[in-house]
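The following note sets out points for discussion on the structure shown below. It begins with an annotated site and then turns to the chains as wholes.

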Amino acid sequence: MKDLILVMGGGIIGLSCALELSRRGVNVRLLETGRCGGQASGAAAGMLAPYSENVEAPDEFFMLCRESLSLYPAWQQLVRECSGNSFEYTPSGSLYVAYHEADLLGLQSRMNWQRTCGSSAVILQGDDLFEAEPGLSRKALAALWTPEESHIYAPDFVTALKSACLSSGVDIQEELGALDLAAWEDHIEVQAASGEIFTGDQLVVCTGAWAGELSGKLGMRIPVQPIRGQICAYTWDAEQTPLNHMVFSSQGYLVQKANGTLVCGASEDIAGFDTSVTDRGIRRLLQWNKNVVPALEQAEPFHRWAGLRPSTLDGRPLIGRVPQAERVVFAAGHYRNGILLSPVTAKLAANCVEGRPLQAWQHAFRPDRFGVAAKVLRS
Amino acid sequence: MNQDTWRIGNHEMSSRFFLGTGLFPSPFVQNEAIAVSGAEVLTFAIRRVNLDAVEDDSILQHVEPEAFQFLPNTSGARTADEAVRIARLARASGLSDWVKVEISASERTLLPDPIETLRATEILVKEGFTVLPYISDDPVICRKLEEAGAAAIMPGGAPIGTGLGILNPYNISLIVEEASVPVIVDAGLGTASDAALALELGASAVLMNTPVAKAKDPVGMALAMKLAIEAGRLTYLSGRVPKKQYASASSGLEAMVSRPSSPDVL
């Protein structure tokens, strides 16, 4: 009999892991406390932007992001084919906008290292910049244009992923309420709020901002904190100057979607598991975004929402097998880059389930890397 | 150690740890790290701040402004004029009248341009700023910056973000010896022993960002650095023993040869 793999969590990471595993011929059952894609995945702006998200240096996290970007064309095609759904996937490229002359040094050094890592970025200034992005504020001094970055419409993509999972034979169980990991040594047992017990041979933990609930249980600490992101969207029809690129600044981003909306994000709030939208959080967005696109001065967002990003202590996701609990594989804690990192995470997690080792550089993501002891010193 | 305070201008401090707010993986981790560090001075790049609405800035919104002395820096500036313009913007927004002058000559090494730094320091001191220039570990230029009115001198241990530690401890000692304003070792530190060494050499404080923010556990590292800074300071105050070329038994050679053979000798 084939092994049964339980996937805990039906966000983009859980759905991607489930799809990848089932494509490799494994039996998969996905367990979700609420509805699939109901948290950060459905709230995300869907930017696939490893260069704009990693401005300092090409470290392991950047390598992971870039590898995932390179997997996206084939991965999203697979999701399309398996699901029969369509969704927006736009190779818009990005602009990272600078307003101070002092930003140019940083843009230059960022461009220099990124051009050795698969980017063909150039710095646009003056007429070149405003020709590329006519709606951009004339206060912008320069921008780093990275043609390789793209974006996807996350809510539709997550819906398509779920359909793809179902058509590939994944058993999806939703609305289970709180899930408790009851056994993990000889086999896996997960108990739902109703008392129903799901058993399996291995477990893939994809519980995002809730991954910290397992801290201590598996003999290691799992320092994952929710960081709330508030986003708003404007109606952006044919009368408005279209935004050709994703536009990043030090304060946030703007991205136009094919459905006639302009999405502006995002706050980073310390608010526990509270997903409320606050006046202050949205006001912050409205105050700076007109410095990027002046036409927003006259616009009013029609939609405001919030999601919880799973943030780890070092900002890197937890991907890999737990040495102290060998039936458990982690794929969680993707913070701002869950949509981008979903294909590479699915492949690495599936490799772990199959018993294949991670490459040396991928040990930067080991779920047990935070150990147990450091906290004792601090008490 | 409770009474071991120090001053920049009229501002009295007990912490000797200046912490940079960039590069942290999340605002939660940043705030935890700031809390355990005990830092009283926070530094950040002015160009990254939303000066129109500082209270809504993506990073500063998470920090209680009343609880800290802000030290905005001019990083990214390549000339004195640029640095001066940036400093004026920061003061006009109400951020602080302290400024860390940081003028880089090369985007690869980010090493400070001493001539432009001296010029910017002269201008900003005249304009009433409390000026803390980031500078190379050269005792001569440090002396000139002090003469120009710098409120503290901030020599780098190594190029920014390299984590190479204090590459020339001799120069740092000389700078400390000659300075009559506080010396703050800024840039290039990598680990707790580097911070301890800076204080052992007599520096008044250290400024760090990367070694804390990019550590695997930034909160744990912030505490480690705080303890190292305290240990280094206490070492400096307590006076280390001189270095010797050859062994000398810690129990004392004379005591061993003259050990009494019988109790009644006593």
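1. In an unreviewed entry, UniProt lists B:Gly161, B:Ala187, B:Gly188, B:Asn209 and B:Thr210 under "binding site". These residues span 50 positions in sequence, yet no two of their C-alpha atoms are more than 9.4 Å apart, so they gather at one spot. The coordinates behind this statement belong to a predicted model, and the annotation itself may be inferred rather than shown by experiment.

2. Within this group, B:Gly161 occupies the loop between strand S8 (154–155) and helix H5 (169–178) of chain B. Its relative accessible area is 45%, and B:Gly161 is therefore partly exposed, as the range for that class runs from 20% to 50%. Setting aside residues up to four places away in sequence, B:Gly161 touches B:Gly188 and B:Thr210. Both of these partners are also listed in the UniProt record for the site.

3. B:Thr210 belongs to helix H7 (residues 210–213) of chain B. With a relative accessibility of 26%, B:Thr210 counts as partly exposed. Apart from neighbours within four places in sequence, B:Thr210 is in contact with B:Leu23, B:Gly161 and B:Ala215.

4. As a whole, chain B contains nine helices and 10 strands. Its C-alpha atoms fill a box of roughly 85 × 40 × 35 Å along the principal axes. Of the 266 residues in chain B, 53% are buried. Among contacts in chain B between residues at least 6 apart in sequence, 64% join residues at least 24 apart. The accessible surface of chain B amounts to about 12,100 Å², with 52% belonging to carbon and sulfur atoms. Chain B carries 22 positive and 32 negative charges, and the mean positions of the two sets are 4 Å apart.

5. For chain A, an unreviewed UniProt entry assigns residues 5–351 to "domain: FAD dependent oxidoreductase". The end C-alpha atoms of this span lie 13 Å apart, and the span is 29% helix and 29% strand.

6. Where in chain A does A:Cys206 lie? A:Cys206 is found in the loop between strand S13 (202–205) and strand S14 (224–235). At 6% relative accessibility, A:Cys206 counts as buried, the cut-off being under 20%. Leaving aside neighbours within four places in sequence, its contacts are A:Val7, A:Met8, A:Gly9, A:Ile13, A:Gly14, A:Cys17 and A:Ala331. A:His363 is 157 residues from A:Cys206 in sequence, and their C-alpha atoms are 18 Å apart in space.

7. Chain A as a whole has 10 helices and 20 strands. For its 379 residues, a compact globule would have a radius of gyration near 21 Å, and the value for chain A, 21 Å, agrees. The C-alpha atoms of chain A fill a box of roughly 65 × 45 × 40 Å along the principal axes. Buried residues account for 58% of the chain. Of the contacts in chain A with a separation of 6 or more, 75% involve residues 24 or more positions apart.

8. On the surface of chain A, about 14,500 Å² is exposed, and carbon and sulfur atoms supply 49% of this area. The 32 positive and 41 negative charges of chain A have mean positions 3 Å apart.

Conventions: Residues numbered from 1 in each chain as written. Chains lettered and ligands numbered in written order. Predicted model: local features only at pLDDT ≥ 70, side-chain atom pairs only at ≥ 80, totals over all residues. Heavy atoms only, no water. Helix = DSSP H or I, 4+ residues; strand = E, 2+ residues; numbered from the N terminus. Rg over C-alpha atoms; globule rule 2.2 N^0.38 Å. Buried < 20%, exposed > 50% of the residue type's maximum accessible area, 1.4 Å probe, protein only. Contact = heavy atoms within 4.5 Å. Areas by Shrake-Rupley, 256 points an atom, 1.4 Å probe, with all protein chains shown as cover. Lys, Arg positive; Asp, Glu negative; His and termini not counted. Charge placed at Lys NZ, Arg CZ, Asp CG, Glu CD.
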